[in-house]
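Welcome! Please open the structure in your viewer, keep the selection tool handy, and follow along one stop at a time.

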Amino acid sequence: MLRQLLAAFIITAAIGGLSSCEKYSFMPEVVNPTDSVYFQAEIQPIFSANCISCHGPIKRPDLRDGYSYEALIKGNYVDQPGETSKLYTKMTGGDHAPRSSDVDKQKVLIWINQGAHNN
């Protein structure tokens, strides 16, 4: 009888603990849209870490350091509004979506909406 009570208690505690969303929930990081986002310090490192294995001298846009800004501007990848720009829609859709974090995508969107400056 004691074993059955103990087993029932353990099973109930395990189910309650595992089904609790609060224990495993987290708030995703959000970038403040009023903070300035700088191309060289924040955007280019995203490309260097996630994109240049494919987007180099052969596949457009060329996102290598020293080439990316001009390639994005000349290729009309950063037109406003940022939500519909070619760069942002590529980063958030299809096979490109898992290549960068949500924070990276937010930074790119904010950078585009701030005017996509080469700063």
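In which helix is the place of Lys86? Select residues 86-92 and you have the answer: this is helix H5, and Lys86 belongs to it. Keep in mind as you look around that this is a predicted model.

**Stop 1: a charged patch**

Stay with Lys86 and add Lys59, Lys90 and Arg99 to your selection. Together these four residues form a positive patch on the surface. Lys86 itself is partly exposed, because its relative accessibility is 39%, between the 20% and 50% cut-offs.

**Stop 2: the whole chain**

Now zoom out and colour by secondary structure. You will find six helices and zero strands, so the order of elements from the N terminus reads α-α-α-α-α-α. The chain has 119 residues, and 27% of them are buried. Switch on a surface display next: the chain exposes about 8200 Å², with carbon and sulfur atoms supplying 60% of that area. As for how the chain meets itself, take the contacts between residues at least 6 apart in sequence: 56% of these join residues at least 24 apart.

**Stop 3: Asn113 and its contacts**

Select residues 102-113 to bring up helix H6, which includes Asn113. Is Asn113 buried or partly exposed? With a relative accessibility of 34%, Asn113 counts as partly exposed. Which residues does Asn113 touch, leaving aside its neighbours within four places in sequence? Show Gln80, Pro81, Gly82 and Glu83, and you have the contacts of Asn113. You can also draw a distance from the C-alpha atom of Asn113 to that of Ser85: the two residues are 28 apart along the chain, and these atoms are separated by 9.7 Å.

**Stop 4: the salt bridges**

How many salt bridges are there to visit? The count comes to two.

For one of them, select Arg64 and Asp62, where the closest N and O atoms are 2.7 Å apart. Arg64 is partly exposed at 27% relative accessible area, whereas Asp62 is buried at 12%.

For the other, go to residues 68-74, which make up helix H4. Here the side chains of Lys74 and Glu70 meet in a salt bridge, with 2.7 Å from N to O. Lys74 and Glu70 are four residues apart, about one turn of the helix. Lys74 is exposed, with a relative accessible area of 62%, while Glu70 is partly exposed at 47%.

Methods: Residues are numbered from 1 along each chain as its sequence is written. This is a predicted model: local features need pLDDT of at least 70, side-chain atom pairs count only at pLDDT 80 or more; totals for chains, interfaces and linings use all residues. Side-chain values use heavy atoms; hydrogens and water are left out. Helices (H or I, at least four residues) and strands (E, at least two) are DSSP runs, numbered from the N terminus. Buried means under 20% relative accessible area, exposed over 50%, partly exposed in between (1.4 Å probe, protein chains only). Contact means heavy atoms within 4.5 Å. Accessible areas come from the Shrake-Rupley method with a 1.4 Å probe; for residues, only the protein chains shown count as cover. Patches are made of residues with over 30% relative accessible area and no salt bridge: like charges are joined within 9 Å, nonpolar side chains (Val, Leu, Ile, Met, Phe, Trp, Tyr) within 5 Å. Lys and Arg count as positive and Asp and Glu as negative; His and the chain ends are not counted. The place of a charge is taken as NZ of Lys, CZ of Arg, CG of Asp or CD of Glu.
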